[in-house]
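Reader: Could you walk me through this one while I have it open? I would like to start with the aromatic rings and then look at a helix.

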Amino acid sequence: MSTLPIETTGALGSAPFQPAGRGDRRLDEVVSEFAVAADELGVSRPSEAQLRDICQKAATLSAELFSDEMNVEVRGDPEIPGELHFTFEVVATGSADQIAARGSEWHLRLRQMIGRYAELFCLSFDVR
């Protein structure tokens, strides 16, 4: 699934996110932003340690399938009360079919890796 930009719950989403240990501080900021927003909305969520772990897995998978040039934001849908998710904005190259195939693989593998928490993640493409 690809998403169009929606209002973010905070301003932290503008800094690049680096997976696999290079962006530990940034990862902590995004996870904390999500936790605070979820608590404010009354949305149930995993612990911050679990959120950090699943975000790291999503980031590693994103870098593997697309590029480690990515941005992650916490977003909500203003039309759906209580909707809150992490959006991974990745750089995608190749044909539309190749990008779509990698997007599908991202969703399938993410579901296999983190189970029901996969619903907390969306993928957005910056096509180059």
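Author: We can take the ring pairs and then helix α3, keeping in mind that this is a predicted model.

Reader: How many aromatic pairs are there?

Author: The count comes to five aromatic pairs. One of them is formed by F34 and F86, which are stacked, with 4.4 Å centre to centre and 15° between the planes.

Reader: And where in the chain do F34 and F86 sit?

Author: F34 belongs to helix α1 (residues 24–41) and F86 to strand β3 (residues 85–92), so this pair links distant parts of the chain, 52 residues apart.

Reader: Are those two buried or exposed?

Author: F34 has a relative accessible area of 2% and F86 one of 0%, and since buried means under 20%, both residues count as buried.

Reader: What about F66 and F125, how are their rings arranged?

Author: Their ring centres are 5.6 Å apart with the planes at 50°, so this pair is tilted. F66 lies in the loop between α2 (48–65) and β2 (70–75), whereas F125 is in strand β4 (residues 121–127), so the pair ties together parts that are 59 residues apart in sequence.

Reader: How accessible are F66 and F125?

Author: F66 counts as buried at 14% relative accessibility, while F125, at 25%, counts as partly exposed.

Reader: Which residues do ring pairs link into a cluster?

Author: The cluster consists of F34, F86, F88, W106 and F121.

Reader: Switching to α3, which of its residues are buried?

Author: The buried residues in α3 are I99, R102, G103, W106, L110 and I114, so W106 is both buried in this helix and a member of the ring cluster. Seen down the helix axis, the buried residues of α3 fall within an arc of 105°, so they line one face.

Reader: Why would residues spaced like that point the same way?

Author: An α-helix has 3.6 residues a turn, so residues three or four places apart point the same way.

Reader: What covers that buried side, and what is on the face turned away from it?

Author: The cover over the buried residues of α3 includes α2, β3 and β4, and the face turned away carries the exposed residues D97, L108 and Q112.

Reader: Last one: how does the span of α3 compare with what it should be?

Author: Helix α3 (residues 96–114) has 19 residues, which at 1.5 Å a residue should span 27 Å, and its end C-alpha atoms are 27 Å apart, which agrees. The helix is followed by G115, whose phi is positive, near 60°.

Conventions. Residues are numbered from 1 along each chain as its sequence is written. This is a predicted model: local features need pLDDT of at least 70, side-chain atom pairs count only at pLDDT 80 or more; totals for chains, interfaces and linings use all residues. Side-chain values use heavy atoms; hydrogens and water are left out. Rings of Phe, Tyr and Trp (its six-membered ring) pair if their centres lie within 6.5 Å; planes under 30 degrees apart count as stacked, over 60 as edge-to-face and the rest as tilted. Helices (H or I, at least four residues) and strands (E, at least two) are DSSP runs, numbered from the N terminus. Buried means under 20% relative accessible area, exposed over 50%, partly exposed in between (1.4 Å probe, protein chains only). The expected span of a helix is 1.5 Å times one less than its number of residues. The arc is that of the directions from the helix axis to the C-beta atoms. Contact means heavy atoms within 4.5 Å.
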